[in-house]
Every structure is written in C-alpha cells, then in structure tokens.
Amino acid sequence: MDSEGCRSPWRVLEFYSGIGGLRYSLLKAAVNATVVQAFDINDLANDVYQHNFRHRPFQGNIQTLNAADLDGYSSDAWLLSPPCQPYTRQGLQKGSSDARASSFLKILELVPQLLRPPSYLFVENVVGFETSDTHAILVEILEKNNFVTQEFILSPLQFGLPYSRPRYYCLAKRKPLSFEVPEFNNQLLRTPAPLLGQAESTMNKEQLQSPEYWDELLQACQPVDDFLVFKTFGNDKGSSTYSFHANDSVKSDISDEENNVYFVPSSLIERWGSAMDIVYPHSKRICCFTKSYYRYVKGTGSLLATVQEKTENRTPSLQDLSLRYFTPREVANLHSFPEDFQFPQHISLRQRYAMLGNSLSVGVVAPLLQYLFKNPL
C-alpha cells in the first residue's frame, strides 16, 4: 500500500536541472511533488527551463551553497544529474580529480552537516560512473548517513522505446523508509524487474547482456516512425514531400526545414559514410544522440534514410538514401519529452541538439521515480 495520496506534496530540489528532464520525469511519474528550487549554471539551459516551467533555476555556483542554505528549503528529495564528462569512455576518466566533479562532491559533503537531510535521493549519470571513485564516495556517504540504495543500469530499449541510451541510476531512501522490493537493496541491477514489482530477476548478468535478450527487447520496441514529425516520401530530395504533426512545439522545429537544413550533405556522406549509423522508419533501434549531433557525424547519433531500403532492381547507395538528421523535436520525442516542450526562438539549432544530448530519458527516469517515491507501509 502506498501513502502517497494522504500527504502534502514532496518538496524537491533539482540539481543540474538542464532543460527540465528531471522535472518532466516527476510529472510523467505523477508523483505528488513540487520542485521548490532548481539549480543550473548554464544560462541558455535556464532560458529553456524558464520558457517551459515559468521558473528560472538558481544560476550561481552551487559550490557556494552551505548546509544552512539547503536546510532552508526543507526539502524531502534531491534529484541530481551531475556532469558526466569525468566518467565518459571518450574522456580522460579522471573521476573526482576532474574539476567538473567538484560541485557534486561538494553537495555530497554537505549531507552529514544537514539538520534536515532529504529522505529521497536520485542520481543519474553515464555508464562508467559506477566504477569511479566518485561513485565510491557517493555510496560511502549514503551508507554513513542511514540511506539504503538500489542502483541500476538501464536503457530506453528495456521500456519499449527504440533508443539505445544506457545510463547509471542510483536510488536512495533514508531509513526507516524502505523500497517496495528490498531484496535488491545495495545491488546494481541491469533489469527493471523491481519497477515491475518482481521480487527476483529471472536472468543473471550474462543473460541480461546476451544478444538474445536484446533481440527480444527490440522486437517489443515501437518503430522509429512513431517518433517522427518530419516525414519524407519520395526517392530524392528534389521530389520529396513533407508531412508534419500540427502543434506549436513542432513548428519551432520546422522553420528551417524547407531549406533542407536537416539533410546530410553529399560531401559528408562521401567522407564519413562508412562510419554512419543509418536507420529507417521501420527500425527499432537508434544510437544515442550526443551533444555533438549535427556538428559531427561519427559516433554522435543515428541518421535517418528517407527513401526505401531496397527497390526491386537494386540496393541504393548511401547517396541515394537522402539521409537526414533527426530534428530536435524528434530527438525530444525519443527522450520522451512531452509534446508541449518547446525551445525559445533564440536557441540555435546546434544549441538545441547540444542541450538534448546532455539531457536524459524521461521514459526511463519516470518509472524509476515512481518506484523511488513508493512507500510500502
């Protein structure tokens, strides 16, 4: 049984709020919560956040916050999505010695000093964080301050979404609060089993990483076509026609599309074609979009073929496929952002891609937050 319906809203602090992925996840999860303050140092991200929520995050350096400042919010929960660069496989993997990790470490160091520590804590980061020294510090501080944790590495593919974006998640509750499925306390899971109320995972780690497991997941995913708003039909750019969903959040995406800004230039295809990940509307798996999507081709996200994969007479060349980038609205759709999410007009195309690449999957975080805030009696 859950006590959610008989209490006042949880008071939430949202750290590294970006363009609002954590807040949208709270809304999608239908958690009885209110964000009392958000924090982000990025001016443009705060413009987007304010545009959508009518609330501008605190933009100062959060390393200046002290325990009294945080106690003053009387918060029940902290949601954090700290910088991932210290832990990415492409980076230097300097962990806590990376300057970009310092603000998160400062927040953790304040936990023992609080007169009113949060009852719930949620952390999102890249795969690789779980083996870092920062992770070791996080777990040690939580344990010493009476928290119980459950950790996950999950991908949208495990939730029926055709998007490969595995991420690390830490869920923590301060005792005497407990998780609905306590059997998984202090474990790192690669399955959403406890979110589904399952007391046991029927698969071991090797099975969860097997091609057969992921092939079965892909079969259950929605096709890419369900997430498209800029649909092309035809055999080349010159003869293609376009179809759009008619809502205001899409219109801000479309203004430049008549000039073919989303189509990949032939010169890029000729140079980088062998490194491109190409998908079709019927595909059920897209590679993770990074903040460098649209600036670079290799390893930054999938491209969409807008003509048929094969004709009766021949298999088309890459040049024949009329490849295009996914639009920012489509990337937002794949991140499960709601239809009414918008970018302000002054945010450039590249800036939109960068902010989305730095965001998170609402379709994964929402069920995790539902599970976190569920309190069995």
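Tutor: Two strands are said to pair if DSSP finds at least two bridges between them, and with that rule in hand we can look at this model, which is a predicted one.

Student: What makes β5 and β8 a pair of strands?

Tutor: Two bridges join β5 to β8, and since the rule asks for at least two bridges, they count as paired. The two strands run parallel, and F152 stands opposite L189 in β8.

Student: How do you know that β5 and β7 pair, and in which sense?

Tutor: There are eight bridges between β5 and β7, where the rule requires at least two, and the sense of this pairing is antiparallel. As one example of a bridge, I153 has Y168 in β7 as its partner.

Student: Why is strand β5 described as largely enclosed by the rest of the structure?

Tutor: Strand β5 covers residues 147-154, and eight of its eight residues are buried, so the rest of the structure largely encloses it. To be called buried, a residue must have a relative accessible area under 20%.

Student: Which residues of β5 point one way, and which point the other way?

Tutor: F147, T149, E151 and I153 point one way, while V148, Q150, F152 and L154 point the other way, and all of them are buried. This fits what is expected in general, because the side chains of a regular strand alternate between the two faces of the sheet.

Student: What makes D43 and R56 a salt bridge?

Tutor: The closest N and O atoms of D43 and R56 are 2.7 Å apart, and the rule asks for a Lys or Arg side-chain nitrogen within 4 Å of an Asp or Glu carboxyl oxygen, so the pair qualifies. D43 belongs to helix α2 (residues 43-53) and R56 to the loop between α2 and α3 (67-71), with their positions 13 residues apart in the chain. D43, R56 and D47 are also linked in a network of salt bridges.

Student: Why is D43 called partly exposed?

Tutor: The relative accessible area of D43 is 41%, and partly exposed is the range between the buried limit of 20% and the exposed limit of 50%, so the term applies. R56, at 29%, is partly exposed as well.

Student: How do you know whether R116 and D76, which also form a salt bridge, are buried or exposed or in between?

Tutor: D76 has 9% relative accessibility and therefore counts as buried, because the limit is under 20%, whereas R116 has 38% and counts as partly exposed. Their closest N and O atoms are 3.5 Å apart.

Student: Why is E180 with K374 said to tie together parts of the chain?

Tutor: Their closest N and O atoms are 3.7 Å apart, and they form a salt bridge. E180 lies in the loop between β7 (167-174) and β8 (188-189), and K374 in the segment after α12 (362-373), so the pair ties together parts that are 194 residues apart in sequence. By the same 4 Å rule, the count comes to six salt bridges.

Student: Why is the largest nonpolar core said to lie between two domains?

Tutor: This core has 75 residues, of which F122 and F326 touch the most other members, and α12 gives the most to it, with nine residues. Domain 1 (10-217 + 360-373) and domain 2 (230-326) both give residues to the core, so it lies between them. There is also a second, separate core of 30 residues, whose members include Y87, F147, C170 and A172.

Student: What makes helix α1 mostly covered?

Tutor: Seven of the nine residues of α1 (residues 21-29) are buried, among them L22, Y24 and L26. The buried residues of α1 pack against β1 (10-15), β2 (33-39), α2, β3, β4 and α12. Just after α1, A30 takes a positive phi of about 55°.

Student: Why does C84 count as partly exposed?

Tutor: The relative accessibility of C84 is 25%, which is not under 20% and not over 50%, so the middle term is the right one. C84 lies in the loop between β3 and α4, and its contacts, leaving aside neighbours within four places in sequence, are with N125 and V126. An unreviewed UniProt entry annotates C84 as "active site", and such annotations may be inferred rather than shown by experiment.

Notes
Residues numbered from 1 in each chain as written. Predicted model: local features only at pLDDT ≥ 70, side-chain atom pairs only at ≥ 80, totals over all residues. Heavy atoms only, no water. Helix = DSSP H or I, 4+ residues; strand = E, 2+ residues; numbered from the N terminus. Buried < 20%, exposed > 50% of the residue type's maximum accessible area, 1.4 Å probe, protein only. Core = buried A, V, L, I, M, F, W, Y, C linked by side-chain atoms within 4.5 Å. Domains from an automatic or database assignment. Contact = heavy atoms within 4.5 Å.
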